[in-house]
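Subject: Structure handover

Dear colleague,

Here is the structure I promised to pass on, with my notes below it. Please look through the model first and then read the notes alongside it.

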Amino acid sequence: MKTVSIEVRPGEPREAAAIADVHRASWLQAYGGLIPHRPLIRMVNRRDETWWRKATRGPATLLVIDVAGTIAGYATLGLSRARALPQEGEIYEIYLRPEYQGMGLGRVLFGEARSLLKSLGCEGVVVWCLEDSDQAYHFFQSAGGRDIAEGMEDFGEKHLKKVGFVWT
């Protein structure tokens, strides 16, 4: 029997290309058909290897989930940007490469991100997702999040509702 190592840890500058690849694959899979093509491609292309190299240096924390030496996903987190909500921490993004979804790795990464925010003294966590992103919506709902806030995101001419899930 072979053992596979799974590690959640801070992303490193030397991993920027791999993180950019995760971002591209996961965003195209998650938002293709939901966000109009041109705005989606512009958003994906802005986050190239250089962008991710800078992201590994802050100000937000960047965690990766490493599966047997492959970057399978990432999460970014920090202080909540939603000043009207009492939750102090926010998970800004959490994404896995499509081929690593459905195996429980998202729950592992999400749990580690929440634990890190708690260890940094943040009381409560908020996560935003597009309401029409069924996979994300159900993930956060099944993780015990309460859908308590909403807002709008503009993608070119298309306006999409986002929902805020919270944990206390």
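In this predicted model, Ala75 stands opposite Ile94 in β4, and Tyr74 likewise has Tyr95 of β4 opposite it. Both pairs belong to the contact between strand β3, which spans residues 70–79, and β4, where the two strands run in the antiparallel sense and are joined over seven bridges. Strand β3 is also paired with strand β2 (residues 61–67), again in the antiparallel sense and over seven bridges, and within that pairing Ile65 has Gly73 of β3 as its bridge partner. The hairpin that β2 and β3 make has two residues between the strands, and Ala68 takes a positive phi near 55° there.

How enclosed are these strands? Eight of the 10 residues of β3 are buried, so the strand is largely enclosed by the rest of the structure. Strand β4, which covers residues 89–96, is likewise largely enclosed, because seven of its eight residues are buried.

On from β4, the next pairing is with strand β5 (residues 125–130), and here the strands are joined in the parallel sense over two bridges, with Glu90 standing opposite Val126 in β5. Together with helix α4, the strands β4 and β5 make a right-handed β-α-β unit. Helix α4 takes in residues 105–119 and includes Val108, which has a relative accessibility of 38% and therefore counts as partly exposed, given that this class lies between 20% and 50%. Val108 joins Val4 and Ile6 in a nonpolar patch on the surface, and the three together have about 250 Å² of accessible area.

After β5 comes the loop that leads to α5 (134–142), and Ser133 is found in this loop. Ser133 has a relative accessible area of 9%, which means that the residue is buried. If you would like a reference distance in that region, Ser133 and Ala82 are 51 residues apart in sequence and 20 Å apart in space, taken from C-alpha to C-alpha.

I then turned to the charged side chains, where a search of the whole structure finds 11 salt bridges. One of them joins Arg97 and Asp21, whose closest N and O atoms are 2.6 Å apart. Because Arg97 lies in the loop between β4 and α4, while Asp21 lies in helix α1 (residues 16–31), this pair ties together parts that are 76 residues apart in sequence. Arg97 is buried, with a relative accessible area of 15%, whereas Asp21 is partly exposed at 39%.

Which residue forms a salt bridge with Glu93? The partner is Arg47, and the closest N and O atoms of the pair are 2.8 Å apart. Glu93 lies in strand β4 and Arg47 in the loop between α2 (37–46) and α3 (49–55), so this salt bridge ties together parts that are 46 residues apart in sequence. Both Glu93 and Arg47 are buried.

Two further findings belong with these. The side chains of Glu153 and Lys162 meet in a salt bridge with an N to O distance of 2.9 Å, and Glu153 is partly exposed, with a relative accessible area of 29%. In addition, a network of salt bridges links Glu7, Arg9, Glu15 and Asp66.

The last item concerns helix α2, in which Pro39, Leu40, Met43 and Val44 are buried. These residues cover an arc of only 130° around the axis, and they therefore sit on the same side of α2. The face of α2 turned away from that buried side carries His37, Arg38 and Arg46, which are exposed.

With best wishes,
A colleague

Technical notes: Residues are numbered from 1 along each chain as its sequence is written. This is a predicted model: local features need pLDDT of at least 70, side-chain atom pairs count only at pLDDT 80 or more; totals for chains, interfaces and linings use all residues. Side-chain values use heavy atoms; hydrogens and water are left out. Patches are made of residues with over 30% relative accessible area and no salt bridge: like charges are joined within 9 Å, nonpolar side chains (Val, Leu, Ile, Met, Phe, Trp, Tyr) within 5 Å. Accessible areas come from the Shrake-Rupley method with a 1.4 Å probe; for residues, only the protein chains shown count as cover. A salt bridge is a side-chain nitrogen of Lys or Arg within 4 Å of a carboxyl oxygen of Asp or Glu. Helices (H or I, at least four residues) and strands (E, at least two) are DSSP runs, numbered from the N terminus. Buried means under 20% relative accessible area, exposed over 50%, partly exposed in between (1.4 Å probe, protein chains only). Two strands pair if DSSP finds at least two bridges between them. A crossover is right-handed if, with the strands pointing away from the viewer, the path from the first strand over the helix to the second runs clockwise. The arc is that of the directions from the helix axis to the C-beta atoms.
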